[in-house]
Amino acid sequence: MAAASGVSRATVSFVLNDDPNQTISAATRERVRQAAHDLGYVPHGLARALREGASRVVVLNIDWGLEGNYSRSYVRGLDDELAAHGHVLLVRHGHQTPQETRRVLDAIRPRAVIRFAEPYLTGHELEDRGGGWKDGLAAHSALQVRHLAERGHTHIAQALPDGENPVAEARLRFAAQTADRLGLAPVVSFIAPRPRTACARAVEEFRAARPEVTAVAAFTDDVALRALTALHDLGLTAPDDLAVMGYDDTEYGALVTPALTTIHIDAEAHGRLAARTALGLDTSGLEPAPARVIVRDSA
């Protein structure tokens, strides 16, 4: 490549590695890249890993119960940003023991290992990069409760998924704190199970036990859609009988009747921010847009 492009081998290395400490003209960079393309050059991953002390792989661990629209968007942003800097993303699902993580480290020597939602899994949820109440889970939970309160709802329930979810307790706590600050009644909760008939029965029993509740702040859009279906099956409607608000803005919320009011979060930007942080790169210019309410008919 050096001979084909008429430059030194060191210059070729600087260009191909996109060395930020070297001042090389755009014309020279283009000449080297064209030579690499013409000669069919492909980096040797193992050799480069030996030289750099780590592979160009970044591992993301996502615990069970955390998959959803946010995580998918986060992974998309993380993957795109890593690729732009010459790295590859490996996503692992399920709870990872220290021994399993050690095997991955030994096998591929990743550049970095990210545990998705780690602050919320370790009890440090207000230390996330979003700042908790600034643009983290706390702020997003508060936005949901605040939107319902602004529409006159003083008794709000949180609908939760069946099965364990690592962040359910934190979401409930943030919702309760927000309600307290706004002078609302304490937030109560109920489980909205996945089977259709079971969810209808759960909603019916909850309404009988808590007739004062006029609005549901659902854990996710998926849980909100279960609640809307349950209301339909009970001969009730949203928002007339019970306002229902989702969270995490899936594509399905706009397709149901009534269309689902929900919270949109800029998860792709969070993923890009995580990629830059993992690689030790400048994160300026990647400030995520604040979460916002998507106002539709269900609330």
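I began with strand 4 and strand 5, which run parallel and are joined by five bridges. In this pair, Ala157 stands opposite Val188 of strand 5. I note here that the model I am reading is a predicted one.

**Entry: the four-stranded sheet**

I then looked up the sheet around these strands. Four strands form an open sheet, and their order is 5-4-6-7. The pairing in this sheet is parallel. I asked which strands lie at the edges. The edge strands are strand 5, residues 188-192, and strand 7, residues 243-245. Each of these two pairs on one side only. On average, and with direction ignored, neighbouring strands of the sheet are turned by 30° against each other.

Next I followed strand 4, residues 156-161, to strand 6, residues 215-218. These two strands pair in the parallel sense, and I recorded four bridges between them. As one bridge, I noted that Ile156 has Ala215 of strand 6 as its partner.

**Entry: helices on the sheet**

I turned to what packs on the sheet. Helix 9 does so, and it touches strand 4, strand 5 and strand 6. The direction of helix 9 makes about 175° with that of strand 4. Helix 11, residues 221-233, lies across strand 4, strand 5, strand 6 and strand 7. I read an angle of about 155° between helix 11 and strand 7.

I also checked the two faces of strand 5. Val188, Phe190 and Ala192 make up the covered face, while Ser189 and Ile191 are on the uncovered one.

**Entry: helix 8 and helix 9**

Two packed helices are described by the angle between their axes and the distance between the axes. For helix 8, residues 137-150, and helix 9, residues 168-181, I found an angle of about 55° and axes 9 Å apart. Helix 8 and helix 9 are therefore oblique to each other. Their crossing is right-handed.

I listed the residues that make the contact. Helix 8 contributes Leu137, Ala138, Ser141, Ala142, Gln144 and Val145. Helix 9 contributes Ala170, Arg171, Phe174, Ala175, Thr178 and Ala179. By class, this contact has eight nonpolar, three polar and one charged residues.

**Entry: helix 10 and helix 11**

I repeated the reading for helix 10, residues 196-209, and helix 11. Their axes come within 8 Å and cross at roughly 80°. I therefore entered helix 10 as roughly perpendicular to helix 11.

From helix 10, the contact includes Arg196, Cys199, Ala200, Val203 and Arg207. From helix 11, I noted Arg226, Ala227, Thr229, Ala230, Leu231, His232 and Asp233. The residues of this contact divide into six nonpolar, two polar and four charged.

**Entry: strand 1 and strand 3**

I looked next at strand 1, residues 57-62, and strand 3. They pair in the parallel sense over four bridges. Leu60 has Ile114 of strand 3 as its bridge partner.

Which side chains of strand 3, residues 112-115, are buried? Ala112 and Ile114 point to one face and are buried. Val113 and Arg115 point to the other face and are not buried.

**Entry: Arg72**

Last, I looked up Arg72, which is found in helix 5, residues 69-84. Is Arg72 buried, partly exposed or exposed? Its relative accessible area is 47%, so Arg72 is partly exposed. I also noted that Arg72 and Ala267 are 195 residues apart along the chain, whereas their C-alpha atoms are separated by 8.4 Å.

Note on methods:
Residues are numbered from 1 along each chain as its sequence is written. This is a predicted model: local features need pLDDT of at least 70, side-chain atom pairs count only at pLDDT 80 or more; totals for chains, interfaces and linings use all residues. Side-chain values use heavy atoms; hydrogens and water are left out. Axes are lines fitted to C-alpha atoms, for helices over the stretch in contact, and angles run from 0 to 180 degrees between N-to-C directions. Angles under 35 degrees count as roughly parallel, over 145 as roughly antiparallel, 65 to 115 as roughly perpendicular and the rest as oblique. A crossing is left-handed if the near helix is turned anticlockwise from the far one by less than a right angle, and right-handed if clockwise. Contact means heavy atoms within 4.5 Å. Ala, Val, Leu, Ile, Met, Phe, Trp, Tyr, Cys and Pro count as nonpolar, Asp, Glu, Lys and Arg as charged, and the others, Gly among them, as polar. Two strands pair if DSSP finds at least two bridges between them. Buried means under 20% relative accessible area, exposed over 50%, partly exposed in between (1.4 Å probe, protein chains only).
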